[in-house]
Amino acid sequence: MKAEKSYKEKGLDDDVVLKLLSAINRGYSKEQLGSSVEVSDIELSKYLEELVRDELVGYDVSDNTTLKITEKGTRFLISYERVTASKAEHQPPRGLLDLK
């Protein structure tokens, strides 16, 4: 089985993907998304197409136009935030090679 391409390999910026997921999670409308992450309408369509394809976002069944983050998208966002937080808190061990 062939591994899926990362967003970078697809020509997408990981930061934009995460900003979009966060904005959709906060209830931004499709019209608000482009300006919140500063991408063109064409770029926004490409990002949303990938997020829907990867099942990170979907459309609300009641109107089929409102974007909603999926459970998978929520898990992705939480995992990324945990990794980011742990990187920020991580400090190398202190010991014999510590020059301070």
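**Fold, core and salt bridges of the predicted model**

The protein chain exposes about 7,800 Å². Carbon and sulfur atoms supply 52% of this exposed area. The structure is a predicted model. Of the 100 residues of the protein chain, 27% count as buried.

The secondary structure comes to four helices and two strands. From the N terminus on, the elements run α-α-α-β-β-α. Contacts also link distant parts of the sequence. Among contacts between residues at least 6 apart in sequence, 48% join residues at least 24 apart.

The nonpolar core was examined next. In soluble globular proteins, nonpolar side chains tend to be buried together. Here the largest nonpolar core has 21 residues. Leu-20, Leu-21, Ile-24, Leu-33, Leu-48 and Leu-51 have the most contacts inside this core. At least two core residues come from each of helix H1 (14–25), helix H2 (30–37), helix H3 and strand S2 (67–69). Helix H1 gives the most, with seven residues.

Ile-24 is one of the residues with the most contacts inside the core. Residues up to four places away in sequence were not counted for its contacts. With these set aside, Ile-24 touches Leu-33, Leu-48 and Val-57. Leu-67, Lys-68 and Ile-69 are also among the residues that Ile-24 touches.

Charged side chains were considered separately. The count comes to five salt bridges. In one of them, the side chains of Glu-49 and Arg-53 meet at 2.9 Å, N to O. Both residues lie in helix H3. Glu-49 and Arg-53 are four residues apart, about one turn of the helix. Glu-49 has a relative accessible area of 47%, so this residue is partly exposed.

Arg-53 also forms a salt bridge with Glu-50. The closest N and O atoms of this pair are 2.5 Å apart. Arg-53 and Glu-50 are separated by about one helical turn, because the two residues are three apart in helix H3. Glu-50 counts as buried because its relative accessibility is 11%, under the 20% cut-off.

Helix H4 (residues 71–89) holds another such pair. The side chains of Glu-71 and Arg-75 meet in a salt bridge at 3.2 Å, N to O. Glu-71 and Arg-75 are four residues apart in helix H4, so about one helical turn separates them. Glu-71 has a relative accessible area of 61% and is therefore exposed. Arg-75, at 47% relative accessibility, counts as partly exposed.

Some salt bridges share partners. These join Lys-10, Glu-49, Glu-50, Arg-53 and Asp-54 into one network. Within this network, Arg-53 pairs with Glu-49 and with Glu-50.

Asp-54, a member of the network, lies in a loop. The loop runs between helix H3 (41–53) and strand S1 (57–59). Asp-54 counts as buried because its relative accessibility is 12%. Leaving aside neighbours within four places in sequence, Asp-54 is in contact with Glu-4, Tyr-7, Lys-10 and Lys-72. One of these contacts, Lys-10, belongs to the network as well.

Terms used:
Residues numbered from 1 in each chain as written. Predicted model: local features only at pLDDT ≥ 70, side-chain atom pairs only at ≥ 80, totals over all residues. Heavy atoms only, no water. Buried < 20%, exposed > 50% of the residue type's maximum accessible area, 1.4 Å probe, protein only. Contact = heavy atoms within 4.5 Å. Core = buried A, V, L, I, M, F, W, Y, C linked by side-chain atoms within 4.5 Å. Areas by Shrake-Rupley, 256 points an atom, 1.4 Å probe, with all protein chains shown as cover. Salt bridge = Lys/Arg side-chain N within 4 Å of Asp/Glu carboxyl O.
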